[in-house]
Amino acid sequence: MATYDVELVDIVKEFDSGLRAVDKVSVQVADGEFFALLGPSGCGKTTTLRLIAGFEQPSAGRVLIRGIAMEGIPAYHRPVNTVFQDYALFPHLTVEQNIMFGLEMEGVNKKEARARAAESLEMVRLPGVGERKPRQLSGGQQQRVALARALVKKPAVLLLDEPLGALDLKLRKNMQYELKALQRDVGITFIYVTHDQEEAITMADRIAVMNEGKMLQIGSPRQIYERPESVFVADFIGETNFIAGELLERGPDGFGRVKLADGTVIRAQLSEALSRSSGQVRLAIRPERIGIATIAETGGEEIDPSEYTVLDALLIDSQYIGTDTRYTLQIGEATELVVRVQNISELDSSGIALGQAVTVYWHNSSATVLDI
Amino acid sequence: MAATSQLLINESAIRRNRMTRRLGQAGLLLNPVFTYFFLWAPILILVLFSFNESRSVASFTGFTLKWYNNILNNVMGAERAFSTEIMLNAFRNSLFVGTVATVIATVLGTMIALAMARGRFPGKGLIDGLLFLPVVIPEITQAISLAIFFKVAFDWIAVISGERIFPGFHTIIMAHVTFNISYVAIVVRARLADMDPQLEEAAKDLGANPWRAFWRVTFPLILPGVISGALLAFTLSLDDFVITFFTSGVGTSTLPVFVYGLLKLTVTPEVNAISTIMMVLSTLLIGISLAMQGRTSSRA
């Protein structure tokens, strides 16, 4: 039987106020994995982290760390360490004393603790600030100290609670890259809480998307982005077009036939989580998966009609956003569709006029059929 | 034409506005002048006459330190009640009561503040409100209630054990502890409210049990508040007259009670001198206490 670094079994956390912050969550995190808990604020991701850290006790269910049940084991005896959102560095201690704090609690002798503290400051690329007080450092530096303080303990699992949330955008991008590299180097399991979907996608090996205390989908960034299993996940991760339709038939090949509002019948990929075999459904299509062609052009491009969906559309708005142009189109009577086209050359961004009739097309596998 | 008159109206409105603003500013300037005058004038007069050559407060005839000298040399004009020894004894009593009451009140007050800031228990709101009671109820009410309480309690003890307890240092100290706890708790709580509770979690996360987390993280961070609270308690204890008067026994007079005894005869320049010394001492302690609180908030 494989043991996981962290395993949650049917965890429920209900607060005194009656709020169910975590609702029957089960997940396994493997050794060395970079695991992201992603969701909007109040979705229960931080509470889940605190349950693992031992700051909260589950109302039901079990937390296992390296196969050992954590029930009754207080936070200070768990083999996990936390990087807090606001760093929680001890203001009355120097940076070095902050980092040595955890080692001191373990009973590591001062000389060794000092050496390890210096080593871990080196690791987060912040050597020579040991004598300073935390408040003398910038936000980004404090962030690194918080990391060093947690990593110096060589925990089985490092818990990170929106660690980059307080940093400005540019620094955050750099730290994303660095954190990922650091995690690869030390090989410690990271459980990373964030509400930033881009952060989760770029850094994590696997993502769990949470909402209202439930884990809606767990999978690789690619699976989460390409194959969302619910409207919430499709909507929360990236930008998505939703088109209402009626499922006519579930094909054995993973594709189904869907009738749109205007009566057009198209083929689309069925979500693995799709429960219904007929009735109202929603189609989710990413804006960058849709192509636009003017009527004049379609003749030139060969599109296999059995592989592609091709629809007439009307251009109602276009927005130049640097790397891309974002077109808003109307298909049928009242359905709006957002399409993103990369501006490969300067000409691309000015090609189509507003009010012009165009054709939109996408590969059938780019549209996912979801339960409403 | 219309535009011009419009402009004129606006100008006069602006002028009127400016006048009111000037008047308001003058009023605002006068306000602190009067406030501080009424606050400090009586005290300044007391200090001034403690250095007055003449025994009478009718006029200031010249600077002297002889009243200060007198209180240290057993001389107090014609009054028999005064002796330096009794005064020093009263001062020692004050220091003793103040020190013991402060230590007890600081420990208990800090514990209550911690429980209030971190704990979750039934009746917390009620206890929280009751904590402010000694601060708001009149001192005389508290003094009388304590005196009655001690009388009733000692009567009961006498009935049960057959031994009679008389008021003394223990009653004064208990009384001082009761009101000082509130002040300490309020000051320490303010400091705790400023402290990020996540720091305690961070300590535990790094392997510190609650005891070590408290001594290594929480306590050093609230220490300025604790010291500030202790200094405040000590000052209140030194200054207290009413409660001490009602709870003291024979031979346990503190300095304020002693001064009151002198006043029963007449206000002598020596009383002014002692009062000045007491005031300087209290101001110094409160100053340090405030400085500690200031340091507290600049840290957070």
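This is a short tour of the structure above, one selection at a time. Keep in mind as you go that the model is predicted.

**Stop 1: the two chains together**

Start by colouring chain A and chain B separately, and look at where they touch. The contact takes 17 residues from chain A and 16 residues from chain B. Now select α8 (198-205) and α9 (210-239) of chain B, the elements that give two or more residues to the side of chain B that touches chain A. Which of them should you zoom in on? The largest share of that side, 6 residues, comes from α8(B). If you colour this side of chain B by residue class, you will find 7 nonpolar, 3 polar and 6 charged residues.

**Stop 2: the domains of chain A**

Next, hide chain B for a moment and select residues 6-231 of chain A, then residues 239-371. The domain assignment gives these as domain 1 and domain 2 of chain A. Their C-alpha centres lie 39 Å apart. Where the two domains meet, the contact takes 5 residues from domain 1 of chain A and 9 residues from domain 2 of chain A. On the domain 1 side, the contact residues are 2 nonpolar, 1 polar and 2 charged.

**Stop 3: strand β8 of chain A**

Now select residues 189-194 of chain A, which form strand β8. Is this strand mostly covered or mostly open? It is mostly covered, with 6 of its 6 residues buried. Show the side chains and compare the two faces: T189(A), I191(A) and V193(A) lie on one side, F190(A), Y192(A) and T194(A) on the other, and all are buried.

Add the neighbouring strands to your selection. Strand β3 (residues 34-38) of chain A runs parallel to β8(A) and is joined to it by 5 bridges. Strand β7 (residues 157-161) of chain A is also parallel to β8(A), again with 5 bridges. Y192(A) is a handy landmark here: it is the bridge partner of A36(A) and also of L160(A). To follow the chain from β7(A) to β8(A), trace it through helix α5 (residues 169-186) of chain A; this β-α-β crossover is right-handed.

**Stop 4: the nonpolar cores**

Stay with β8(A) and bring chain B back. The largest nonpolar core has 135 residues, and those with the most contacts inside it are I191(A), Y192(A) and V360(A). Which element gives the most to this core? It is α9(B), with 12 residues. Both domain 1 (6-231) and domain 2 (239-371) of chain A give residues to the core, so it lies between them.

Centre the view on V360(A) and show its surroundings. Leaving out residues up to four places away in sequence, V360(A) touches I290(A), G291(A), I292(A), L311(A), A313(A), L329(A), I331(A), L337(A) and V339(A). Apart from this core lies another, of 9 residues; select W67(B), A90(B), F258(B) and A273(B), which are among them.

**Stop 5: two backbone oddities**

Finish with two residues whose backbone angles are worth a look. Most residues other than glycine have a negative phi. D10(A), in strand β1 (residues 6-14) of chain A, has a positive phi of about 45° although it is not a glycine. E162(A), in the loop between β7 and α5 of chain A, likewise has a positive phi of about 45° and is not a glycine.

Are these residues buried or exposed? D10(A) is exposed, with 12 other C-beta atoms within 10 Å. E162(A) is buried, with 20 other C-beta atoms within 10 Å.

Note on methods:
Residues are numbered from 1 along each chain as its sequence is written. Chains are lettered from A and ligands numbered from 1 in the order in which they are written. This is a predicted model: local features need pLDDT of at least 70, side-chain atom pairs count only at pLDDT 80 or more; totals for chains, interfaces and linings use all residues. Two residues are in contact if their C-beta atoms, placed from the backbone, lie within 7 Å. Helices (H or I, at least four residues) and strands (E, at least two) are DSSP runs, numbered from the N terminus. Ala, Val, Leu, Ile, Met, Phe, Trp, Tyr, Cys and Pro count as nonpolar, Asp, Glu, Lys and Arg as charged, and the others, Gly among them, as polar. Domain bounds come from an automatic or database domain assignment. Two strands pair if DSSP finds at least two bridges between them. A crossover is right-handed if, with the strands pointing away from the viewer, the path from the first strand over the helix to the second runs clockwise. A nonpolar core is a set of buried Ala, Val, Leu, Ile, Met, Phe, Trp, Tyr and Cys residues joined through C-beta atoms within 7 Å.
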